[in-house]
Amino acid sequence: MRISRRAFAAAAAAVVLMPLSACGSGGDDGGSTDASGKVEGDITFQTWNLRANFKPYFEGVISGFEKQYPGTHVKWIDQPAEGYADKISADAAGGTLPDVVNVSPDLVAPLAKAGLALDLDKSAAKYRSEYLPGAWASHEIPGMTGTYAFPWYLNTGPLFYNKSLFQQAGLDADQPPKTYDELFAQALQLAKKTDGKVATLANVPTVEDFGRYGVELMNKAGTAFAFNDAKGIELLTKYKELYDAKALDPQALTATPESSGKKFLTGAVAMNPGSALDLDNFKKQAPTLYKNIGITDQITSTGHVNMYVMGVMVNSKTKHTPAAVAFAHYVTDAQQQMSFAKKVAIFPSTAGSLDDPYFTKEDGTDETRVRIAAAKSLKNAVNYTPVLFSEQMKTALRNEVAKALQGKESPKAALDNAVKACDTLLQQEG
């Protein structure tokens, strides 16, 4: 029940930033944290695999900024998706990090720890109210005070469900499950009614699921993971019940977004996350499913869905702090974000933008149906994935979850082992 970060708009592949041990603790050989001076000077802006599809857009943004602030010049560089984290790490270690950098929360964390990311709560606090609270908070780092990047574009995904399968199981197709308790009850009923032929879900629980269930994922200091608490064990135990009843697809342990999508397409699975592109696919390949498609929010017991967020970080060592902060704000302000959102299927992180008719007014198209559903859920969404949770940690959790579902370990033992493995990785990367 997740969107892979690989599918997150134009940001391309998910990558993990290597430890920045070569960077030291930041030193004092850099710019000022004071952004109140005159906006002037030459700065460099780095994006993440965006030039190929959005060159005219970014050239327009830069031109607009330079006109608004005479005496500034922005050099735009774009890095490919492949090796982006390694490039940032090398630049950070070599002192060549650009002034303004496109990052995701997991990429900004090591830079902040190394003293290379400007604390916007100190240098740009006046802009905080312009952004959705959950988006601004997404670039906070556990164990540190401050916010280390402007929130930029967001994404989330609604959940599709097959109304016909729900009706056949005696469930109300107009009242899909909203919480995990409702999901588990309905999934068991659906499996029982179909003699295990139809599963409700095709994916094992991820860290986002634990977050949406209300599990405390890390301690407040950010020094250890905590998802092996009673609530975490409860969630995994429930998934084990689903797996045994075939309410969770038997092949969920090795599922990919593509394989899960095919299961949903053929009616073997009743619910699956997706996008407007999937709706178009249903219309062409499975017209019967398309006629019976339902769209609902992600399952959550906290009242907050999960969001994926990109950010724009200011290098704390920039020689032109006022210009770098002004440009990072300019790129992520409401006007620029709204313009960008109309060019690609992403959502602005700025307060009020999601009330625009573009995100609220139906026009009869599938694309708009999904956009409106996603935009509505984003207003109070949370980035549940801990910024310190690496790809290796995700693999460790997935491996232990698989052992629990197969009955090789108890849910408690599996989560204890997963937390131990993740804590070890955290210490290695710290």
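This section describes the nonpolar cores, a small set of strands, the salt bridges and one helix of a predicted model.

The largest nonpolar core of the model comprises 127 residues, and those with the most contacts inside it are Phe-227 and Phe-327. The element that gives the most to this core is helix H13, spanning residues 321–331, with 8 residues. When neighbours within four places in sequence are set aside, the contacts of Phe-227 include the aromatic residues Phe-210 and Phe-389, together with Val-215, Leu-217, Leu-397, Leu-415, Ala-418, Val-419 and Cys-422; Glu-216 and Gly-232 are also in contact with Phe-227. Another core, of 9 residues, lies apart from the largest one and has Phe-160, Phe-264, Ala-276 and Leu-279 among its members. As a general background to such groupings, nonpolar side chains tend to be buried together in soluble globular proteins.

Phe-160, one of the residues of the 9-residue core, also takes part in strand pairing, since its bridge partner in strand E6 is Asn-272. Strand E5, residues 159–162, is joined to E6 by 3 bridges, and the two run antiparallel. Both belong to an open sheet of 3 strands, in which the order is E6-E5-E7 and the pairing is antiparallel. The edges of this sheet are formed by strand E6 (271–273) and strand E7 (293–296), each of which pairs on one side only. From one strand to the next, the twist averages 30°.

The count of salt bridges comes to 17. One of them brings together the side chains of Glu-140 and Arg-128, with an N to O distance of 3.9 Å. Glu-140 lies in the loop between helix H5 (133–137) and strand E4 (150–155), whereas Arg-128 lies in the loop between helix H4 (120–123) and H5, so the pair ties together parts that are 12 residues apart in sequence. Both partners are partly exposed, Glu-140 with a relative accessible area of 31% and Arg-128 at 39% relative accessibility.

A salt bridge is also formed between Lys-283 and Asp-366, whose closest N and O atoms are 3.5 Å apart. Because Lys-283 lies in helix H11 (residues 276–285) and Asp-366 in helix H16 (residues 366–378), this pair ties together parts that are 83 residues apart in sequence. Lys-283 is partly exposed, with a relative accessible area of 42%, while Asp-366 is buried, with a relative accessible area of 11%.

Within helix H17 (residues 391–405), Glu-391 and Lys-394 are 3 residues apart and are thus separated by about one helical turn; the closest N and O atoms of their salt bridge are 3.1 Å apart. Glu-391 counts as partly exposed at 27% relative accessibility, as does Lys-394 at 22%. Elsewhere, salt bridges that share partners join Asp-121, Arg-128 and Glu-140 into one network.

In helix H2 (residues 84–94), the buried residues are Tyr-84, Ala-85, Ile-88, Ser-89, Asp-91 and Ala-92. Seen down the helix axis, these buried residues of H2 fall within an arc of 165°, so they line one face of the helix. The elements that cover them include strand E1 (41–48), strand E2 (72–79), strand E3 (100–103) and helix H3 (105–113). Just after H2, Gly-95 takes a positive phi of about 75°.

Methods. Residues numbered from 1 in each chain as written. Predicted model: local features only at pLDDT ≥ 70, side-chain atom pairs only at ≥ 80, totals over all residues. Heavy atoms only, no water. Core = buried A, V, L, I, M, F, W, Y, C linked by side-chain atoms within 4.5 Å. Buried < 20%, exposed > 50% of the residue type's maximum accessible area, 1.4 Å probe, protein only. Helix = DSSP H or I, 4+ residues; strand = E, 2+ residues; numbered from the N terminus. Contact = heavy atoms within 4.5 Å. Pairing = 2+ DSSP bridges. Axes fitted to C-alpha atoms, helices over the stretch in contact; angles between N-to-C directions. Salt bridge = Lys/Arg side-chain N within 4 Å of Asp/Glu carboxyl O. Arc of directions from axis to C-beta.
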